[in-house]
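Walk through this model with the viewer open. We go from helix packing to backbone details and then to a ligand site.

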Amino acid sequence: MDRREFIKVSGVTAAAATVPSIFLSGCSTQPNPGEGEVTATPTVCDICFWKCAGHVYVEDSVPWKIIGNDEDLHSNGRLCTRGTGGLGAYQDKDRLKMPLVRTVGPNGQQIFREASWDEALDIIAKRMQKIADEHGADRVALLNHGAGASHFKNLLRGYGSATFSAPSYAQCRGPREVAFQLTYGEGVGSPDRTDMEHSRCIVLIGSHIGENLHNGQVQTLTRALENGVSLITVDPRFSVAASKSQHWLPIRPGTDVALLLAWMNVLISEGLYDKAYVEQYAMGFEQLAAHVRQFPPEWAYLQTGLEPELIRETAREMAKNAPATLVHPGRHTTWYGDDTQRERAIAILNTLLGSWGRPGGFYIQEKVKLPNYPLPDYPKPKSTFKAAHGDDYPFATQPVSNAVIDASIGDDAHYKGWLVYGTNLPMTIPGVRPKLRQAADSLDLIVVIDTMPAEVTGYADVILPECTYLERYDELRNAAEREPSLALRMPAFKPRHDSKPGWWIAKQLGERLGLQKYFPWNDYSEVLDWQLKQVGSSLDEMQQIGVKNFPRKTPKYFQAGEARRFNTPSGKIELYSQRLADRGFDPLPVYKRPPERPDNYYHLNYGRMPAHTFSRTTNNPLLFQLAPENTLWINSLVARQWKLKTGDSVRMQNQDGIVSKSIRVRVTERIGPDSVFMAHGFGHSAKQLRLTNGLGADDSALMTNVLIDPIMGATGMRGNFVTFVKNSEQEHA
Ligand code: MGD
Ligand code: SF4
């Protein structure tokens, strides 16, 4: 087979198509809650990456509910809407059921056929061995998202590769992490080290906490609101957070750096910044002061549309409450291609307020010192991910997914094989679809390990069905956070169909590749038990309690007057970055005008909705009931101009002529007349996702103008504009 055609999993051979699905829940045998025998099994939620701990309740072998673990300080015993809907992932009728292998069908077309695990794993191992022999093991990359990827990282490390690329970097948090590392010598981390519970003033810049449901964070924001925090929300849209705010700043899209510079100008020119903190901990203040002198609120007004007096008033409000003022760094930070610089501006503003390391600002994280299971040393890979980047993106600390994909195209491409674990690339990386097809033509091997027949499976040679997080062990949750803790994910159910846990799949491949020494156990539970015993616990204990909290060994905040050395070249907080200057970048954040909006076009604004996480949950039968499709928010002026009303179906066309799927209109004053807004994750084209297919539109399909951050390679997604397609044109599309 020379060229790899994109195949929808619905193109499996007849035998697979007729396999009946087993749908366990909601069946009539379920007793009334409380009447049967109930078991509670610890879990760590995998519906998003906040990793809340809970218990799965099963009554007389029938799945009942998932609720939070009261001992979990990370979630305070409460799961969000999506977490409680986790059973839907297990119950989904459309799950992948058995390994599938690409083959040529009777009419010469490419199709998937069912295969046994042995056959599928043999094919993969054979091709991986061939790649290692002919090109080197470093030429296989892992594209991954989620805790279960750790098993495949172990496999690839043993094999000789270290390219592990997650979209949570170049499509999400990367610019923030790099900016904070450049400024403070360390990143924000996940969960974000924001101490909102103790804040007296919180500034949200394009961060829609509440719609973006990171459970623990929503809870601390709620507590802060109960305590009377002064909330300032900067967003072109009247978000839920904006509705709870003292100040809503409906900024012109893409002009946030201008506002941040003007706020710094006010703090410095009015002498409102934390002089003692800056003097003790920071370097580069003189350069910063000279730089921001040029950017008074009157200048920012012309860029942002925000009244100078409002800019001054909010800057004074921040200063009044400092250091318990948090300028939140956001999470999905890949906007306009100058994202590292915008995040640097946020980091610097927090220094002026003295909030880094202070109560109500950013706390110091701590995690449990959990030893790794003893394994032999891994071989040194012949190349690192830098081979994919060349001289680009000098400050990237991880492989940038889009660069890895670029480096997989063509006969002389660096990468020859991919393992894709838990990431739906076509809907995740903007503008990637044509490149995925080219990469699929070039690569010698594509393996997709997924629970669902998501769009990405169409590019695979072999599809491996992983069981869901409710049916498997994974590594312990040991995130650096407010209080150190460990949490256990373990199987609440046997894997359905012929799905298998990731650890088992990785071990089987390891054994076929002669790498069994990296998997010297029979069952992953042995690894967990060994690790837990090193810190005074055991698997037995964790199976009872699910979460174990440990006392902190270090202070949560800087101590008054404490001398500190930061992990930067100067040992100080670097307001002025010599490292950026040395590589030809602006050492202090500079405002760049966002792309101009063409007439009759609108900024394509997008974000989250509380019932869903990206594209992974829209087919979940429980969450589907809550939110079956996304809607397109448009302002009433725009609605009038285009003769649209709530409930109408429209298609959008972007600046490059790409036409979207139909989406229903929601007319609202909560978005300005220059933008439209939609939730990400809908508009699936995979027919085998039978609930969600055909409902709503996909924002990523419209993101053909990708603004790459030259500092670290993130894909800015907000430089896209859409207009509406009239009926006749819609038919044509
Ligand atoms: P999903 O689209 O949810 O998220 O990007 P992704 O991580 O790719 O795809 C997750 C895939 O994992 C699905 O195919 C799902 O079936 C599979 N999966 C779910 N559970 C399991 C499991 O237990 N095991 C395995 N093996 N697979 C599983 C997220 C990324 O997207 C991020 S972090 C952000 S912040 C960006 N957001 C964003 C956006 O808002 N708009 C647009 N247009 N693009 C975006 N891309 C980024
Ligand atoms: Fe699960 Fe919600 Fe926690 Fe995410 S925030 S891990 S979806 S409970």
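H4 and H19 cross in a right-handed sense. This is a predicted model. Helix H4 covers residues 117–134, and helix H19 covers residues 502–512. Their axes lie 9 Å apart, at an angle of about 55°. Two packed helices are described by exactly this pair of values, the angle between their axes and the distance between the axes. Angles from 35 to 65 degrees fall outside the roughly parallel and roughly perpendicular classes. H4 and H19 are therefore oblique to each other.

H19 has another packing contact to inspect, with helix H5, residues 150–159. The axes of H5 and H19 come within 8 Å and cross at roughly 15°. Angles under 35 degrees count as roughly parallel, so H5 is roughly parallel to H19. The crossing of H5 and H19 is right-handed.

Now turn to the backbone. Most residues other than glycine have a negative phi, and most peptide bonds are trans. Which way does the peptide bond from Ser190 to Pro191 go, cis or trans? It is cis, with omega near 0°. Pro191 sits in the loop that links helix H6 (167–184) to strand S8 (201–205). The bond from Ala322 to Pro323 is also cis, and its omega is near 5°. Look for Pro323 in the loop between helix H13 (308–321) and strand S12 (325–327).

Phi has its own exception. Asn600 is not a glycine, yet its phi is positive, at about 65°. Find Asn600 in the loop between helix H22 (578–582) and strand S19 (602–607).

Finish at ligand 2. What kind of space does ligand 2 take? That space is the second largest cavity. Four cysteines belong to the surroundings of ligand 2: Cys45, Cys48, Cys52 and Cys80. Ile47, Trp50, Leu79 and Leu213 also surround ligand 2. So do Lys51, Arg82, Gly83 and Asn215. By class, the shell holds eight nonpolar residues, two polar ones and two charged ones. Lys51 and Arg82 count as charged, while Gly83 and Asn215 count as polar.

Methods. Residues are numbered from 1 along each chain as its sequence is written. Chains are lettered from A and ligands numbered from 1 in the order in which they are written. This is a predicted model: local features need pLDDT of at least 70, side-chain atom pairs count only at pLDDT 80 or more; totals for chains, interfaces and linings use all residues. Side-chain values use heavy atoms; hydrogens and water are left out. A residue is near a molecule or strand if one of its heavy atoms lies within 4 Å of it. On a 1 Å grid over the protein atoms alone, a cavity is a set of points where a 1.4 Å probe fits but cannot get out, and a pocket is an open set with protein on both sides within 12 Å along at least five of seven lines; lining residues have an atom within 4 Å of a point. A molecule sits in a cavity or pocket if more than half of its atoms lie within 2 Å of its grid points. Axes are lines fitted to C-alpha atoms, for helices over the stretch in contact, and angles run from 0 to 180 degrees between N-to-C directions. Helices (H or I, at least four residues) and strands (E, at least two) are DSSP runs, numbered from the N terminus. Angles under 35 degrees count as roughly parallel, over 145 as roughly antiparallel, 65 to 115 as roughly perpendicular and the rest as oblique. A crossing is left-handed if the near helix is turned anticlockwise from the far one by less than a right angle, and right-handed if clockwise.
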